[in-house]
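Trainee: Could we go through a model together, one feature at a time, so that I learn how to read each of them?
Mentor: Gladly; let us have it in front of us.

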Amino acid sequence: MVIKIAYYLIGIISIGILIWIWFGTGYKIEDDLLKVQCGPFQWKLNVKEIRKVREVKSIFTSPALPIDRLNIYYATYNLIRISPENESEFIDLLLKENPQIQLKYEAYK
């Protein structure tokens, strides 16, 4: 009986975290920071440290739900994959903050 309750509890918690990730994934640019939220996980990147943005298709784990994603290379060797709803508008906002960003993106070639 106790084991059965533990299994149900683990299942409910797992489903809750998956729902939180699904509905709690988003990206904001505020105060020279790119804020990435993916459920309980958060990243804050200085926009001035972003070196390159590249369009990719990837199924690897990241704070991005669709397969069409943007690789954001920042600092020296860091990378984060995101998938904003409107990629070109998002890139325009990044470029306003840091015009030195290199683009490898179809719409900007």
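Trainee: Is N98 buried or exposed?
Mentor: The model is a predicted one, and in it N98 is buried, because its relative accessible area is 5% and the cut-off for burial is under 20%. N98 belongs to the loop between helix 2 and strand 7, the latter spanning 102-104.

Trainee: Which backbone atom lies 3.0 Å from a polar atom of the side chain of N98?
Mentor: That atom is the backbone nitrogen of Q100. A second side-chain-to-backbone case involves T25, whose side chain reaches the backbone oxygen of I21 at a distance of 2.5 Å.

Trainee: Where is T25 found, and how far is T25 from G39 in space?
Mentor: T25 is found in strand 1, and its C-alpha is 6.0 Å from that of G39, although 14 residues separate the two in sequence. With a relative accessible area of 22%, T25 is partly exposed.

Trainee: How should I read an aromatic pair, and how many are there by the rule applied here?
Mentor: One looks at the distance between ring centres and then at the angle between planes, where over 60 degrees counts as edge-to-face. By this rule the count is 1 aromatic pair. The rings are those of Y27 and F90, with centres 6.5 Å apart and planes at 65 degrees, and the pair is therefore edge-to-face. Since Y27 lies in strand 1 (residues 25-30) and F90 in helix 2 (residues 87-97), the pair ties together parts that are 63 residues apart in sequence.

Trainee: Why does Y27 count as buried, and is F90 buried or exposed?
Mentor: Y27 counts as buried because its relative accessibility is 19%, which falls under the 20% cut-off. F90 is buried as well, with a relative accessible area of 8%.

Trainee: Which residue lies over the face of Y73?
Mentor: For a charge over a ring, one asks how far the charged group lies from the ring centre and whether it sits above the face. In this model K52 lies over the face of Y73, at 4.8 Å from the ring centre.

Trainee: Let us turn to charged pairs: how many salt bridges does the structure hold?
Mentor: The structure holds 2 salt bridges. In one of them the side chains of K35 and E30 meet, with an N to O distance of 3.0 Å; K35 is partly exposed at a relative accessible area of 24%, and E30 is partly exposed at 31%. D68 forms a salt bridge with K57, where the closest N and O atoms are 2.4 Å apart. This pair links distant parts of the chain, given that D68 is in strand 5 (residues 68-74) and K57 in strand 4 (residues 50-57), 11 residues apart. D68 counts as partly exposed at 39% relative accessibility, whereas K57, at 66%, counts as exposed.

Trainee: Which residues form the nonpolar patch on the surface?
Mentor: The patch is formed by L9, I13, I17 and W20, which together have about 400 Å² of accessible area. I13 lies in helix 1 and counts as partly exposed at 49% relative accessibility. I17 likewise lies in helix 1, which covers residues 2-23, and I17 is partly exposed with a relative accessible area of 38%.

Trainee: How far apart are I17 and I67 in space?
Mentor: They are 20 Å apart, C-alpha to C-alpha, with their positions 50 residues apart in sequence.

Trainee: How should I read the sign of phi, and what is the value for D32?
Mentor: As a general idea, most residues other than glycine have a negative phi. Phi of D32 is near 60 degrees, which is a positive value in a residue other than glycine. D32 is placed in the loop between strand 1 and strand 2 (33-38), and at 36% relative accessibility D32 counts as partly exposed.

Trainee: Where is A75 placed, and what is its phi?
Mentor: A75 is in the loop between strand 5 and strand 6 (78-82), and its phi, near 55 degrees, is a positive value in a residue other than glycine. A75 counts as partly exposed, its relative accessibility being 27%.

Note on methods
Residues are numbered from 1 along each chain as its sequence is written. This is a predicted model: local features need pLDDT of at least 70, side-chain atom pairs count only at pLDDT 80 or more; totals for chains, interfaces and linings use all residues. Side-chain values use heavy atoms; hydrogens and water are left out. Helices (H or I, at least four residues) and strands (E, at least two) are DSSP runs, numbered from the N terminus. Buried means under 20% relative accessible area, exposed over 50%, partly exposed in between (1.4 Å probe, protein chains only). Rings of Phe, Tyr and Trp (its six-membered ring) pair if their centres lie within 6.5 Å; planes under 30 degrees apart count as stacked, over 60 as edge-to-face and the rest as tilted. A charge sits over a ring if NZ of Lys or CZ of Arg is within 6 Å of the ring centre and within 35 degrees of the ring normal. Patches are made of residues with over 30% relative accessible area and no salt bridge: like charges are joined within 9 Å, nonpolar side chains (Val, Leu, Ile, Met, Phe, Trp, Tyr) within 5 Å. Accessible areas come from the Shrake-Rupley method with a 1.4 Å probe; for residues, only the protein chains shown count as cover. A salt bridge is a side-chain nitrogen of Lys or Arg within 4 Å of a carboxyl oxygen of Asp or Glu. A polar contact is a pair of N or O atoms within 3.5 Å; within protein, one must be able to donate a hydrogen and the other to accept it, and residues adjacent in sequence count only if both atoms are side-chain atoms.
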